[in-house]
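Thanks for making the time this morning. I would like to walk you through one model, going from a ligand site to the packing of the interior, and I will give the cut-offs as they come up.

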Amino acid sequence: MKFYIKTYGCQMNERDSEAAAAMLLDDGHLQVHSEEEADLILFNTCSVREQAELKAIGKLSILKKQSSGKFFGIMGCMAQSRGEELLKKIPHLNFALGTDKIHELPEIVRQLRKGSKTADLEHDNIQDAAGLDSHLVPVNGFKAYVSIMRGCDRFCTYCIVPYVRGRERSRSPEAVLEEIRALAKAGVKEVMLLGQNVAAYGTKGLKMDPDVSPFADLLEETAKIEGIERIRFTSPHPAFFNKRLIECIANTPKVCKYVHLPLQSGSDRILKAMNRPYTAEEYMNIVRSLKEKCNGNIAFSTDIIVGFPGETEEDFEMTRKIMEEVEYDLAYIFKYSPRKGTKASQMEDDVPKEVKEERNQILLKELEKSSQKENLRAVGKTLELLAEGPSRRNAARWCGRTDQNKLAVFENTTGVKVGDKVMVHIDRATSMTLFGTIVTD
Ligand code: 5AD
Ligand code: SF4
C-alpha cells in the first residue's frame with residue numbers, strides 16, 4: 001500500500017512520524033510524498049492549540065471530497081484525546097492510534113482492507129515497548145531524533161499535554177545509548193534527544209539536588225559515542241535546570257551551545273498562575289550562568305504565551321524585558337487559547353483578542369531585533385558547519401548549520417558532501433541567514 005504521512009506539531013511528532021514510516025516500510029509498504037498518490041493518508045496530529053486541531057480536521061474533510069477509495073488514519077495527540085469521538089463523527093476515518101501505540105500501526109494497516117474501524121488509545125507504562133526505539137531511519141542522512149522520555153507530569157495550567165500524553169516515563173539510559181550507538185554506526189553524526197521535559201529525565205523518585213542530573217549523565221555518555229559529533233536536546237523545563245546540567249553543557253564540547261529554554265512569561269504572578277514553579281529571576285540566573293560559563297558563546301530560544309488570563313500591561317512588559325535581556329535567537333510566541341480540561345480553561349479568558357495580537361506583534365519585533373543582532377555577531381568569524389545539502393532556491397549554493405543551529409549558506413567550491421564538517425568564513429548576515437565562504441587551510 002502507498003502511504004503518505006502529514007505531520008503537525010512538535011518534534012516529538014516528527015520523530016513519531018519517522019518511526020511510523022520506518023515500520024510501514026519494513027512491512028513492505030511504499031512511502032509517497034503527496035496525498036494524491038497515496039492509498040493511505042495518515043495524519044500525525046497536535047492538540048496543543050485549538051488552531052492545530054482545526055487545521056487537521058479541516059484537511060481531513062477536504063481530502064475526503066477529493067479521494068474515494070483511500071484509507072484515512074490519525075495518530076498523535078488529537079487522536080489520543082478525541083479519537084473515539086472523531087471516528088464516530090468522520091465516517092471516512094478508518095482508525096485512531098494513541099501516542100503510545102505507534103508500534104501497532106503495521107497490524108492495523110494489515111487489517112484495513114477488512115473494513116473495521118479501530119481505535120487503540122491506551123497508555124503503555126513501559127517506555128521501551130516494541131517500536132519506540134527500533135526501526136529508526138535517520139533524518140537527512142546524518143541527523144536523527146531520539147526519544148528519551150514520554151509524557152509530562154508538570155501540569156502547567158494552560159497545557160493539555162499531560163492529559164493527552166500521559167505520565168512522565170523515562171527510557172533506561174542503556175536503551176537510549178544502544179539506540180544512539182546503532183544510529184552512529186549507520187552514519188548519524190547529530191542526535192536530538194527528545195522529551196516534554198528532558199531536564200527531568202530519570203529523576204522520578206530522586207530528591208532535587210543541584211549536583212545530580214541523570215540527564216547530564218546521559219549527555220556525557222552520549223558524547224563518548226564514536227561518530228556522534230553534535231548533541232542537541234529539547235525541551236528542558238527551567239525548574240529542573242540545575243548546576244550540574246549547566247556545567248555539563250558548558251564542559252562537554254559535543255553538546256551544542258544552543259538551549260531552548262521555555263520562559264512562557266516574565267511575570268512571577270503569571271508564572272505562578274501557570275503553575276510554572278520558577279521566578280523570572282531564577283530563569284535569568286540559568287541564562288546568565290550558561291552565558292558566563294560558555295564565555296558568551298551560547299544561543300537561546302524559547303516559548304512564550306501572551307494573553308494568559310489576567311495578564312496586565314505590567315506583566316507583559318516584564319516578559320518583553322526578559323526577551324530584551326536574553327536576546328533570543330528564536331522564540332515561538334503563542335497567543336493564549338483555552339484548552340478543554342485544563343485548569344486555566346476555568347479562568348476567564350479576559351485578555352481581548354486584539355490585545356493578544358498586539359502583544360504578539362511587539363514580541364515578534366523584539367525577536368527580529370535580537371536575532372539580527374545575534375547573527376551580525378557571527379559576521380567576520382570562521383564557524384564550523386555540518387553540511388545539510390544544496391539550498392532550496394539555488395542548487396549551486398549549499399547550506400549547513402552551526403553548533404548554535406544558525407543556518408549558513410555557502411558556495412560549495414570544494415565538493416563538500418551532506419554531513420561533512422566544513423569551515424566557513426561568515427561574510428554577511430540577515431536576521432534569518434548567514435552567508436559565507438569556505439575556508440581551506
Ligand atoms: N495556549 C497557547 N499556547 C500554548 N502552549 C501550550 N498550551 C498553550 C495554550 N493553551 C504553548 C507553550 C508550550 C508550547 C509547546 O505551546 O508555550 O511551551
Ligand atoms: Fe505542557 Fe508544561 Fe508539560 Fe511543557 S512542561 S508539556 S508546557 S505541562
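I count a residue as near a molecule if one of its heavy atoms lies within 4 Å of that molecule. This is a predicted model, in which local features need pLDDT of at least 70 and side-chain atom pairs count only at pLDDT 80 or more, while totals for chains, interfaces and linings use all residues. Residues are numbered from 1 along each chain as its sequence is written, chains are lettered from A and ligands numbered from 1 in the order in which they are written, and side-chain values use heavy atoms, with hydrogens and water left out.

With that in place, the shell around ligand 2 consists of Cys-152, Arg-154, Phe-155, Cys-156, Tyr-158, Cys-159, Val-161, Pro-162, Gln-196, His-237 and Arg-276. Seven of these shell residues are nonpolar, two polar and two charged, where Ala, Val, Leu, Ile, Met, Phe, Trp, Tyr, Cys and Pro count as nonpolar, Asp, Glu, Lys and Arg as charged, and the others, Gly among them, as polar.

Let me turn to the interior. The largest nonpolar core, meaning a set of buried Ala, Val, Leu, Ile, Met, Phe, Trp, Tyr and Cys residues joined through side-chain atoms within 4.5 Å, has 58 residues, and Ile-148, Leu-193, Phe-215 and Tyr-283 are those with the most contacts inside it. Helix α10, residues 280–293, supplies the largest share, six residues; helices here are DSSP runs (H or I, at least four residues; strands are E, at least two), numbered from the N terminus. Because domain 2 (125–256) and domain 3 (286–376) both give residues to this core, it lies between them, the domain bounds coming from an automatic or database domain assignment.

Where does Phe-215 sit, buried or exposed? Phe-215 belongs to helix α7, residues 214–223, and it counts as buried because its relative accessibility is 0%, with buried meaning under 20% relative accessible area, exposed over 50% and partly exposed in between, for a 1.4 Å probe and protein chains only. Beyond its neighbours within four places in sequence, Phe-215 is in contact (heavy atoms within 4.5 Å) with residues including Ile-148, Leu-193 and Phe-233.

Finally, the C-alpha centres of domain 2 and domain 3 lie 25 Å apart, and eleven residues of domain 2 are in contact with 15 residues of domain 3.
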